[in-house]
Amino acid sequence: MAKKIAVLAGDGIGPEIVAEAIQVLSFLNSDMALGLSFETALVGGAAYDAFGTPLPQQTLNLCKNADAVLLGAVGGPKWEPLPHAVRPERGLLGIRSELNLFSNLRPAILYPQLAEASTLKPEVVAGLDIMIVRELTGGIYFGQPRGIRLLENGEQQGFNTLVYCESEIRRIAHSAFKTAQKRNRKLCSVDKANVLEATELWRQVVTEVGKDYPDVQLSHMYVDNAAMQLVRAPKQFDVIVTTNMFGDILSDIAAMLTGSIGMLPSASLDANGKGMYEPIHGSAPDIAGQGIANPLATILSVAMMLRYTFNETAAAERIEQAVDTALDAGVRTPDIYSEGMTQTSTSGMGDAVLNALKG
Ligand code: NAD
Ligand code: IPM
Ligand code: MN
C-alpha cells in the first residue's frame, strides 16, 4: 500500500528548503523501495493568494487522507495587513488543530562540527542533545474568547485566553514521559504555576501522570528560569515538556544552542503516529528568494517522518548520517558558516547531503 505524503511548501524560503528535502526523500524512496508517494498542495499566503483562504478545503482533505505531511513554512510581510482569520499562520494552526497533532517534538542536537557556529561557548553546548515536547493544539493559541474589541471608553482591547483542561495536559504529559523513557529518563515540566492558574493545573496533572512513570525523574521549573537555564547550562536538561506558547519560545532559544535555527526539525504527532513534519523556523522573508536558506532542519524533519510515522529507522539514520557527512565535508550555508569552512547555497547543501547518501 502506498504511503502518502502531503507536501505543503508554503511561503518565503518554504519552497526552497522543501525542494531539497524532497530531493533527499525521493532518492531514498527509490534506493530503499520505501513505497512513498507525494502530492503537493498550497497552504498559507500562497493558498490565500490563489483561493482567498490560507487553508483551502482540498489542502485540508489531502492532509487528512495522507499518512504524513511535510510543511515548509508560512507567512510573510505581504500578508501581515490581512485580518487574523485569514493570515497564513492560521493555515498552519488549522492543520495542527484539525488533525489533532497535539504532541510536538523539537529535538535540539548539536552536531559537533557546528560548535563554533553557536553563539555560546563550545564547552557550554558540546554534546547537547535535548528534546522539547511542546503541547500544540491548546493553550493560549486556541483558547476562547479571543479578539480585539471596542471598550465603552472608546479604546480598543486585545484579548486571548489561556486554557488547559486536564485531558489535554494528561495526554501531552504521557507523550513526554514516554519520550523520556526512551532517552535519559529525566523530564522537566516548564510552567508559570506561580502566576497562572492554567499552569498550576498543568503542574498538578503532570505530577499525577508522573506516578505512572516511576523510572522517570520529574522536575518542575518556571518558564523564566528555564529560559535562563537553557542559555546558562543547557545540558542539565534531557526532555522538557511545556505549554504551546512557552514551547514556541523555548524552542527558538534551544535552536540557537545548535548553531542556527536552520538546524531544528520537528514532528507534530497525533495519538496514532500520524504526523506533520516541519522545521521550527519560519519563512525567513529577509533571505527568501536568495537561495541561501539552510535546508538541514527540513531534511532532518524528513528523517523524523521516516522514524515516527513510517517506522523506517534505517532510512532515518541514513539521512542523519548523511547530514553529519556533509558537515564533515565543511560545506556551510551562511547561517552556520565559521572560518575555514566552504560557504554554499541551499541547493549546494542539499546536494552535499544527497551525495553523502549516494556514498
Ligand atoms: P523566521 O524563523 O522566519 O526568521 C528568523 C530569522 O532566522 C531570520 O533572520 C531568518 O533569516 C533566519 N532563518 C530562519 N530560517 C532559516 C534558515 N532555514 N536558514 C537560515 N536562516 C534562517 O522568523 P520571523 O522572521 O519571526 O517570521 C517570519 C514569518 O514566518 C512570519 O510571517 C511568521 O509568522 C512566520 N513563521 C512561520 C513558521 C512556520 O511556518 N512554522 C514558524 C515561525 C514563523
Ligand atoms: C512555530 C511557529 C508557529 C507557532 C506560528 C507560525 C503559528 O512560530 O511553528 O514555531 O507559533 O507555533
Ligand atoms: Mn515558533
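Okay, let me start with one aspartate, D224. With 13 C-beta neighbours inside 10 Å, D224 counts as partly exposed, because the buried label needs 20 or more and the exposed label 12 or fewer. Before I go on, keep in mind that this is a predicted model.

So where does D224 sit? It's in helix α8, residues 223-232. And the reason I picked it is the annotation: an unreviewed UniProt entry puts the feature "binding site" at D224, D248 and D252. Those positions are spread over 29 residues of sequence, yet they cluster in space, with a largest C-alpha distance of 14.3 Å. According to the record's own status, the annotation may be inferred rather than shown by experiment.

D252 is on another element, helix α9, which covers residues 244-257. Its label is partly exposed too, because D252 has 15 C-beta neighbours inside 10 Å.

Now, the ligands. D248 from that UniProt feature turns up again in the shell of ligand 2. Which residues make up that shell? They are G75, E89, L92, L93, D248, I280 and G282. The element that gives the most is helix α4, residues 88-98, with three residues. If you care about the chemistry of the lining, the split is three nonpolar, two polar and two charged.

Ligand 1 has 22 residues around it. The closest are G75, G262, H281, G282 and N294. You'll have noticed G75 and G282 there, and both of those glycines are also in the ligand 2 list. By class, the ligand 1 shell comes out as 11 nonpolar, seven polar and four charged.

Let's move to the helices, beginning with α12, residues 346-358. Its length works out: 13 residues at 1.5 Å a residue should span 18 Å, and the end C-alpha atoms are 19 Å apart, which agrees. Which of its residues are buried? That would be T346, M349, G350, A352, V353, A356 and L357. Looking down the axis of α12, those buried residues fall within an arc of 155°, so they line one face of the helix. The spacing makes sense if you recall that an α-helix has 3.6 residues a turn, so residues three or four places apart point the same way.

And what covers that face? The cover over the buried residues of α12 includes α1 (14-31), α10 (296-308), α11 (313-328) and the short run β13 (331-332). Right after α12 comes G359, with a positive phi near 75°.

Staying with that neighbourhood, have a look at E16, which is in helix α1. Is E16 buried or exposed? Buried, because 25 other C-beta atoms lie within 10 Å, and 20 is the cut-off. Leaving out residues up to four places away in sequence, E16 touches G291, A293 and T346, and T346 is one of the buried residues of α12. E16 also makes a long jump along the chain: its C-alpha is 7.9 Å from that of G289, 273 residues away in sequence.

The other helix I wanted to show is α6, residues 166-181. It has 16 residues and reaches 22 Å from its first C-alpha to its last, close to the expected 22 Å. Its buried residues are E168, I169, I172, A173, S175, A176, F177, T179 and A180. They pack against β4, β5, β8 (186-191), α7 (197-210) and β10 (239-242).

From α7, follow the chain into the loop before β9 (217-222) and you get to D212. D212 is exposed, because it has 10 C-beta neighbours inside 10 Å. D212 and H174 are 38 residues apart in sequence, but their C-alpha atoms are 8.9 Å apart.

Last bit: some backbone geometry to check if you plan to build on this model. The peptide bond from Q144 to P145 is cis, with omega near 0°, and P145 is in the loop between β5 (129-135) and β6 (147-150).

Then there are positive phi values outside glycine. A33 has one of about 50°; it's in the loop between α1 and β2 (36-40), and A33 is exposed, with 8 other C-beta atoms within 10 Å. N100 has a phi near 60° and belongs to the loop between α4 and β4 (103-109). Unlike A33, which is exposed, N100 is partly exposed, with 16 other C-beta atoms within 10 Å.

That's my tour, over to you.

Note on methods. Residues numbered from 1 in each chain as written. Chains lettered and ligands numbered in written order. Predicted model: local features only at pLDDT ≥ 70, side-chain atom pairs only at ≥ 80, totals over all residues. Helix = DSSP H or I, 4+ residues; strand = E, 2+ residues; numbered from the N terminus. Expected span 1.5 Å × (residues − 1). Arc of directions from axis to C-beta. Contact = placed C-beta atoms within 7 Å. Near = placed C-beta within 6 Å. Nonpolar A, V, L, I, M, F, W, Y, C, P; charged D, E, K, R; others polar.
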